[in-house]
Amino acid sequence: MRRPSLHSERLLLRPLDKSDAPSIEAICSQRAVSENLANVPYPYPDGGAEDWLDREAKGLAGINMAITHEGDLIGLIGIKASSERTIGDFVPSIGYWLDLPFWGKGYMQEAVSRLLDWYMPHEPTERIRASVFEDNSRSLNVLQKLGFCEIGRDEGYSIARGTQSPQINLELTANRYKEAMQ
């Protein structure tokens with residue numbers, strides 16, 4: 001799937017570039033960011049962003065885009081293929097992170113909404129999922145405002161935390177998203 005640049009009121013979501021590595025590494029090196037993510041270590045390793053960008057460029061990390069504000073990378077957003085293929089459930093999932101100075105200002109809701117506006121018409125299942133750790137109320141709030149509904153709870157492993165943590169699993173249907181955006 002071609003990755004366009006997507007504009008919103010304050011943001012530009014754009015394809016990633018090797019030059020994004022230093023910003024990705026700096027932001028992911030913040031414990032408050034990495035501990036809310038499943039697959040990001042803390043401390044973030046030197047060169048880790050370059051390795052991840054190499055996998056991303058080969059299509060091995062899903063559809064990922066830089067979230068930029070006034071030309072600066074402030075976060076990342078992506079959609080990956082289902083991780084539940086073994087049980088026959090082929091629903092993709094969305095994930096994201098944002099630099100600390102931009103928390104609580106509506107940037108992530110704006111970015112998620114813009115990505116979903118572009119992606120949902122292309123998704124044959126007309127569904128998308130997300131998981132958030134129970135103690136990540138900001139992310140849960142973003143998803144619920146956009147129409148995501150809880151479908152279950154379990155535990156998810158966080159590399160940065162080094163442990164299993166309670167998580168909330170959510171799902172958004174195309175119809176619920178349309179209703180939430182009205």
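## The loop at Glu-70

Glu-70 sits in the loop that links strand 3 and strand 4. In this predicted model, its phi angle is near 50 degrees, a positive value in a residue that is not glycine. Is Glu-70 buried or exposed? With a relative accessible area of 73%, Glu-70 is exposed, because the cut-off for that word is over 50%.

## A cis bond before Pro-43

Another loop worth a visit is the one between helix 2 and helix 3, where Pro-43 has its place. The peptide bond leading from Tyr-42 to Pro-43 is cis, and its omega is near 0 degrees.

## Helix 1 and its cover

Helix 1 runs over residues 21-28, and its buried residues are Ala-21, Ile-24, Glu-25, Ile-27 and Cys-28. What lies over them? The cover includes helix 2 (31-34), helix 3 (48-57), strand 4 and strand 5.

## Helix 4, mostly covered

Helix 4 spans residues 107-119. At 1.5 Å a residue, its 13 residues should span 18 Å, and the C-alpha atoms at its ends are indeed 18 Å apart, so the expected and modelled spans agree.

How many of the 13 residues of helix 4 are buried? The count is 10, so the helix is mostly covered, given that buried means under 20% relative accessible area. The buried set is made up of Tyr-107, Met-108, Glu-110, Ala-111, Val-112, Ser-113, Leu-115, Leu-116, Trp-118 and Tyr-119.

## Two nonpolar cores

In soluble globular proteins, nonpolar side chains tend to be buried together. Here the largest nonpolar core has 35 residues, and the ones with the most contacts inside it are Ile-77, Ile-94, Val-112, Leu-115, Leu-116, Ile-128 and Phe-148. At least two residues of this core come from each of strand 3 (63-69), strand 4 (72-80), strand 5 (93-98), helix 4, strand 6 (127-133), helix 5 (137-145), strand 8 and helix 6 (174-180). Which element gives the largest share of this core? Helix 4 does, with 8 residues.

There is also a second, separate core of 16 residues, which includes Leu-16, Ile-27, Cys-28 and Leu-76. Back in the largest core, Ile-77 shows how distant parts of the sequence meet: setting aside neighbours within four places in sequence, Ile-77 is in contact with Leu-13, Ile-63, Asn-64, Met-65, Ile-67, Ile-94, Gly-95, Tyr-96, Ala-111, Val-112 and Leu-115.

## Aromatic pairs

The structure holds 2 aromatic pairs. Phe-102 and Tyr-107 form an edge-to-face pair, with 5.5 Å from centre to centre and 80 degrees between the planes. Phe-102 is buried at a relative accessible area of 19%, and Tyr-107 counts as buried at 10%.

Trp-118 and Tyr-119 make up a tilted pair, with centres 6.3 Å apart and 50 degrees between the planes. Both Trp-118 and Tyr-119 are buried.

## Neighbours in strand 8

Strand 8 covers residues 163-173 and contains Leu-170. Leu-170 is buried, with a relative accessible area of just 1%. Beyond four places in sequence, its contacts include Ile-128, Val-132, Leu-140, Leu-143, Phe-148 and Cys-149. Leu-170 and Cys-149 are 21 residues apart along the chain, while their C-alpha atoms are separated by 5.2 Å.

Asn-169 also lies in strand 8 and counts as buried at 12% relative accessibility. Which side chain makes a polar contact with the side chain of Asn-169? That partner is Ser-131, at 2.6 Å. Other residues in contact with Asn-169 include Ala-130, Cys-149, Glu-150 and Ile-151.

## Ser-158 in strand 7

Ser-158 belongs to strand 7, residues 149-158, and counts as buried at 0% relative accessibility. A polar atom of its side chain lies 3.2 Å from the backbone nitrogen of Arg-161. Leaving out neighbours within four places in sequence, Ser-158 is in contact with Ser-34, Glu-35, Leu-37, Ala-38, Phe-133 and Thr-163.

## Cysteines without disulfides

A disulfide is a covalent bond between the sulfur atoms of two cysteines. How many disulfides does a search of the whole structure find? The result is 0. As for the surroundings of the cysteines, Cys-28 is buried with a relative accessible area of 2%, whereas Cys-149 is partly exposed at 33%.

Terms used: Residues numbered from 1 in each chain as written. Predicted model: local features only at pLDDT ≥ 70, side-chain atom pairs only at ≥ 80, totals over all residues. Heavy atoms only, no water. Helix = DSSP H or I, 4+ residues; strand = E, 2+ residues; numbered from the N terminus. Expected span 1.5 Å × (residues − 1). Buried < 20%, exposed > 50% of the residue type's maximum accessible area, 1.4 Å probe, protein only. Contact = heavy atoms within 4.5 Å. Disulfide = S-S within 2.5 Å. Core = buried A, V, L, I, M, F, W, Y, C linked by side-chain atoms within 4.5 Å. Polar contact = N/O pair within 3.5 Å; in protein donor to acceptor, adjacent residues only side chain to side chain. Phe/Tyr/Trp six-rings, centres within 6.5 Å; stacked < 30°, edge-to-face > 60°.
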